[in-house]
Amino acid sequence: MMTEKEYVKKTSLEHRKKYAQFFTPVQISDFMASWVLDGKEGYQSILEPAIGLGVFSRSMLKINHDIRVVGYDIDESIFNYATGNFANSRLNVTINLENYLTSSWSDKYDGIICNPPYLKFHDYDNAKFVPLVNNKLKTHLNGFTNIYTLFLLKSIYQLKDGGRMAYIIPSEFLNSDYGVEVKRALLQSGVLKHIIIVDFTQCAFDDALTTACILLCHKDKRTDCVTFSNIQDVANLSTCFADNTAYNYRELNPEVKWKRYYEETNSSKYNHLIPFSTFAKVSRGIATGANNYFTFKASKIDEYNLPEECFRRCICHSTDVRNQVLTEDDFDEIANEDKTVYLFNGCSDDNNAQVRSYINLGEANGINEKYLTASRNPWYALENREPSPIWVSVFNRNGLRFVRNKANVYNLTTFHCVYNISEIDTDILFAYLVTDLAKEIFLDNSRQYGNGLVKFEPNDLNKGNVVDLRLLTEEEKDFTRRASEKLQYCESVNNQIIRLLDDFFRDRYSSNHVDLPHYVSVLQAIAAIKQSATDKKKITAASKCKQLNIFNL
Ligand SMILES: C[S@@+](CC[C@H](N)C(=O)[O-])C[C@H]1O[C@@H](n2cnc3c(N)ncnc32)[C@H](O)[C@@H]1O
């Protein structure tokens with residue numbers, strides 16, 4: 001018997017990733033099997049669309065020996081092991097070495113159980129399979145659809161009247177753009193009964209970077225409600241039916257992120273929330289198309305003897321920015337450490353021999369024929385736009401990170417840019433954005449990738465909510481602007497100011513009452529300490545700041 005554990009030991013990660021071979025823990029498999037069989041005795045036809053080593057069949061056979069399982073797998077190696085696993089058993093398991101998506105659509109089953117492959121659109125033949133499913137089901141899934149949703153919709157189609165189905169899939173589709181059409185199809189099918197969200201800090205699949213949800217379906221012709229439950233621990237699966245929130249089918253809107261149905265949203269605690277796009281527009285940082293070629297350190301510029309005017313000052317790595325604010329001095333300090341902070345941009349004097357030879361070098365190495373460079377004219381001229389006054393980090397373990405770009409330098413895609421700031425002063429907007437409150441509210445629009453990683457696309461931020469800063473009184477605006485301007489030198493002082501701003505905005509937008517004189521006096525006290533520090537010497541190193549005697553607020 002080849003177990004999942006042995007298989008993982010024997011098989012390279014590369015191979016397992018290619019076929020998306022992440023295995024279902026037995027506790028989850030037993031739970032899903034008991035839903036599908038529902039204590040039924042007697043003959044049942046069961047489909048396992050992505051059988052792997054057959055963990056679901058093993059769970060089902062513990063409950064009912066009188067079932068006939070038809071399984072599919074596309075990988076010959078796992079197929080051979082799985083066939084061996086069931087070869088000498090008296091049980092009726094037939095495994096086909098075949099792509100499930102091209103297998104028969106007309107065979108129908110009493111039960112379907114599956115942990116489908118998770119493959120992004122570029123990792124499978126989406127141009128073939130998305131239209132195949134759309135044609136069969138008259139859906140409008142877009143090309144970015146992950147393969148697991150194709151499995152799900154085909155399986156719903158193959159479920160017999162009265163049949164039951166259990167699927168475990170990443171919960172990403174519940175909150176992503178490509179998931180809208182999938183949720184619509186799920187609701188239209190009327191089979192969805194329960195969604196169980198498995199807490200992403202306790203990933204069901206240890207080595208897969210995804211959050212999981214279990215969908216339990218029943219083709220019982222009743223479309224009264226869907227329940228949502230969260231479980232923190234797979235040991236609590238059996239209690240999930242007791243502790244859940246039910247929504248009527250009519251209440252569920254496929255267009256919105258379904259997180260609102262199973263999580264208390266941070267936004268709901270605060271008043272006067274409006275889209276961030278009211279104040280600004282977030283767009284990507286500069287994409288060069290070939291960072292190794294376009295980015296320079298001071299020493300590399302010397303090496304090629306290129307003139308200064310060929311370069312833009314640019315932050316290429318988010319880790320080079322150590323503070324909430326990037327000043328001219330900070331930039332100089334980073335540049336003096338010989339970090340990569342310059343971008344080659346050709347120059348007006350293209351006849352300069354050194355410049356010409358660097359451009360020729362790029363052409364000799366095919367840099368001019370890359371995807372991005374080939375569409376530019378000339379290929380080495382970067383996007384012509386201003387530096388943005390605020391940046392936000394894209395992929396962060398500790399939530400969003402906003403940076404005030406006072407050095408007026410450019411940034412690569414490691415940060416998104418906040419442009420077109422209107423209706424509110426940039427410093428006031430920044431004072432709000434650095435608070436934990438802002439991050440919490442944005443988090444409602446985040447995409448969860450599991451293991452605490454959260455990725456924000458520009459549009460997640462544009463559509464995300466912020467408090468309506470226009471409602472601040474002139475005195476409140478003055479306070480926040482001054483607090484924002486004081487964010488600068490020293491990490492420990494900054495942290496105190498940020499906590500003060502956080503308390504202020506929470507008070508202001510949850511109760512509409514705020515004791516402004518208190519906040520103003522605390523800010524003055526923090527500023528006095530910072531003043532005495534800066535009087536001694538301008539402090540840039542966080543280590544030095546730690547020596548300051550900062551009092552507790
Ligand atoms: C996530 S694993 C699940 C395996 C097993 N059912 C379990 O839960 O532990 C998905 C399985 O589907 C197989 N697979 C990938 N693409 C497939 C396809 N297009 N058709 C059928 N099987 C596929 C993989 O080889 C892998 O064994």
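**Exercise 1. Which polar backbone atom is 2.8 Å from a nitrogen atom of the ligand?**

Some ground rules come before the solution. The model is predicted, so local features need pLDDT of at least 70, side-chain atom pairs count only at pLDDT 80 or more, and totals for chains, interfaces and linings use all residues. Residues are numbered from 1 along each chain as its sequence is written, and side-chain values use heavy atoms, with hydrogens and water left out.

*Solution.*
- Step 1. Look for a polar contact, a pair of N or O atoms within 3.5 Å; within protein, one must be able to donate a hydrogen and the other to accept it, and residues adjacent in sequence count only if both atoms are side-chain atoms.
- Step 2. The atom belongs to Ala-50.
- Step 3. Find two further contacts. Thr-24 places a polar side-chain atom 2.5 Å from a ligand oxygen atom. Ile-74 has a backbone N or O atom 3.4 Å from a ligand nitrogen atom.
- Step 4. Check the cover. On its own the ligand has 600 Å² of accessible area (Shrake-Rupley method, 1.4 Å probe; for residues, only the protein chains shown count as cover). The protein covers 98% of that area.

**Exercise 2. Describe the shell around the ligand.**

*Solution.*
- Step 1. Take the residues with a heavy atom within 4 Å of the ligand. There are 23 residues around the ligand.
- Step 2. Pick out those that come nearest: Thr-24, Ala-50, Asp-73, Asn-99 and Tyr-100.
- Step 3. Sort the shell. Ala, Val, Leu, Ile, Met, Phe, Trp, Tyr, Cys and Pro count as nonpolar, Asp, Glu, Lys and Arg as charged, and the others, Gly among them, as polar. The shell holds 15 nonpolar, five polar and three charged residues.

**Exercise 3. Trace the aromatic pairs of Tyr-100 with Tyr-72 and Phe-151.**

*Solution.*
- Step 1. Apply the rule: rings of Phe, Tyr and Trp (its six-membered ring) pair if their centres lie within 6.5 Å; planes under 30 degrees apart count as stacked, over 60 as edge-to-face and the rest as tilted. The count is 40 aromatic pairs.
- Step 2. Tyr-72 and Tyr-100 have ring centres 5.9 Å apart and planes at 55°, so this pair is tilted.
- Step 3. Place them. Tyr-72 is in strand β2 (residues 67–73) and Tyr-100 in the loop between β3 (92–97) and β4 (109–114), so the pair ties together parts 28 residues apart in sequence. Strands (E, at least two residues) and helices (H or I, at least four) are DSSP runs, numbered from the N terminus.
- Step 4. Tyr-100 and Phe-151 are also tilted, at 5.0 Å centre to centre and 45° between the planes. Phe-151 lies in helix α7 (residues 147–157).
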